[in-house]
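Let's take a walk through this model together, moving from the inside outwards and then along the chain. Keep the viewer open as you read.

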Amino acid sequence: MDKRNYCVILAGGLGSRLWPMSREKKPKQFIDVLGTGKTMLQMTFDRFAGFIDTDNIIIVTNESYRQLVTEQIPGIKYENILMEPMRRNTVPAVTWAALEIKRRCPDGRFIVSPSDQNISDCDAFREDVLKGLDFVGKHDVQLTMGAKPNRPEVAYGYIQMAEEREDYPHIYKVRSFTEKPANEFARIFFESGEFLWNTGLFMWGADTFLNALKGASEEFAIVVENVVNRYKDGDYIPDLLMELFAKCPNLSLEQSVLEKSDNVDVMLCHFGWADLGTWAAVHDALPQSDMGNVVIDSKSLLYDCKDCIIKLPDGHVAVVQGLEDYVVVEEGNVLVICKKGDQKNIRKFVNDAQLNLGEEFV
């Protein structure tokens, strides 16, 4: 294993679109969503541990979830769990990880990965990631990973490809990013053959990332430069992090870094990818009955039901009749029955439950 290769797993989100199974005290990354016997965090960690030294796998999470991380990833080093001092988007979390990687290995290169993805071909995944890490280790390029769409999906972001690189097959310049397009545009993107799904997997050399950060905004460039210098000098890290997180734009990596850079490429990947952020995605990732229903570790009787997903606690039984494309999920003190494809409403349900019923229901 190349000691310069690092992995950063983002595991601090709330996962509200998988409510009520995903709750604030135990969000989706710490749950066995697919009924495999492993949580999504464990599956992600094990996937990377097959080809990246476990000492080089860093998990960024919220300080509330340290115990969950240590329980689910036994033996992980204390210094490999970075705890965010406040909830922000992905930029400050990855910035902190990049600083830590640069401190440990000046020529380190790393991949950033969400903790809620399903990869169907782990051998192809290993091959693509190692190829990408080799590429960013040799080039001052920010590399995204794209999956070929098999349908016009509105829940995913898209990356438009430009010309292919002569020296690295299947790596293309990036022409544009589009976040969750409307139905009409998703169909155009799918039919054009020029667009890939944005997997949320990104690779950089540590220096390349930190330099790209300075283009996010003039104000943030000053903050980053200050934090980088003081981090190297060994200043008190919690104080630096509070400054970094407090002043960082609440934007995604794509919005604040990649879209503002001219050295961004995309790799066409071959490993079979799905984002497990919604009930529709979980449904599509699992084996289905003849009627398209998915039942996860639950006892149920379904009559005239089609394309539904059922998930109940142990000892509970569901008897469901006449539903099509529905979610029936119970967890703890909450039962949700709603249209599977109406994922925007899930967040509304969570907000309404919090406001009208109380914190204990989220």
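The largest cavity is lined by Arg17, Thr278, Trp279, Ala280, Val327, Cys338, Lys339, Lys340, Asp342, Gln343 and Ile346. Keep in mind that you're looking at a predicted model, not an experimental one. About 50 Å³ of space lies in this cavity, and the count of cavities of 30 Å³ or more comes to one. Who supplies the walls? Helix 10 (279-285), strand 17 and helix 11 (343-356) each put in at least two residues. Sort the lining by class and you get five nonpolar, two polar and four charged residues. Arg17, Lys339, Lys340 and Asp342 are on the lining list, and they belong to the charged class because Asp, Glu, Lys and Arg are what that class holds.

Now for an open space. The second largest pocket has a volume of about 440 Å³. Its lining runs to 20 residues, with Glu153, Val154, Ala155, Gly341 and Gln343 nearest the centre. Helix 10 and helix 11 are the elements that give two or more residues to this pocket's lining. Gln343 deserves a click, since it lines the largest cavity and also sits among the residues nearest the centre of the second largest pocket. By class, the pocket lining divides into seven nonpolar, four polar and nine charged residues.

Strand 17 came up as a supplier of the cavity lining, so let's follow it into its sheet. Four strands make up this open sheet, in the order 12-14-16-17, and the pairing is mixed. Strand 12 (294-296) and strand 17 (334-339) are the edges, each pairing on one side only. Neighbouring strands are turned by 10° against each other on average, if you ignore direction. In general, strands of a sheet pair through backbone hydrogen bonds, either parallel or antiparallel. Which sense applies to strand 14 (residues 309-311) and strand 16 (residues 326-331)? These two pair in the parallel sense, over three bridges. Look for Ile309, which stands opposite Val327 in strand 16; Val327 is also one of the residues lining the largest cavity.

On to helix packing, where two pairs are worth a look. The axes of helix 3 (residues 90-104) and helix 6 (residues 206-213) come within 9 Å and cross at roughly 140°. That crossing angle makes helix 3 oblique to helix 6, because the roughly antiparallel label is kept for angles over 145 degrees. Helix 7 (residues 218-232) and helix 8 (residues 237-247) have axes 10 Å apart and pack at about 165°. With that angle, helix 7 counts as roughly antiparallel to helix 8. What is the handedness of the crossing where helix 3 passes helix 6? It is left-handed, and helix 7 passes helix 8 in a left-handed crossing too.

Finally, a couple of backbone oddities. Most residues other than glycine have a negative phi, and most peptide bonds are trans. Against that background, check the peptide bond from Trp19 to Pro20: it is cis, with omega near 10°. You'll find Pro20 in the loop between strand 1 (5-10) and helix 1 (40-49). Then there's Lys180, whose phi is positive, near 45°, although the residue isn't glycine. Lys180 lies in the loop between strand 8 (171-178) and helix 5 (183-192).

Note on methods: Residues are numbered from 1 along each chain as its sequence is written. This is a predicted model: local features need pLDDT of at least 70, side-chain atom pairs count only at pLDDT 80 or more; totals for chains, interfaces and linings use all residues. Side-chain values use heavy atoms; hydrogens and water are left out. Two strands pair if DSSP finds at least two bridges between them. Axes are lines fitted to C-alpha atoms, for helices over the stretch in contact, and angles run from 0 to 180 degrees between N-to-C directions. On a 1 Å grid over the protein atoms alone, a cavity is a set of points where a 1.4 Å probe fits but cannot get out, and a pocket is an open set with protein on both sides within 12 Å along at least five of seven lines; lining residues have an atom within 4 Å of a point. Grid points are joined across faces, edges and corners, and a volume is the space filled by probe spheres set on the points. Angles under 35 degrees count as roughly parallel, over 145 as roughly antiparallel, 65 to 115 as roughly perpendicular and the rest as oblique. A crossing is left-handed if the near helix is turned anticlockwise from the far one by less than a right angle, and right-handed if clockwise.
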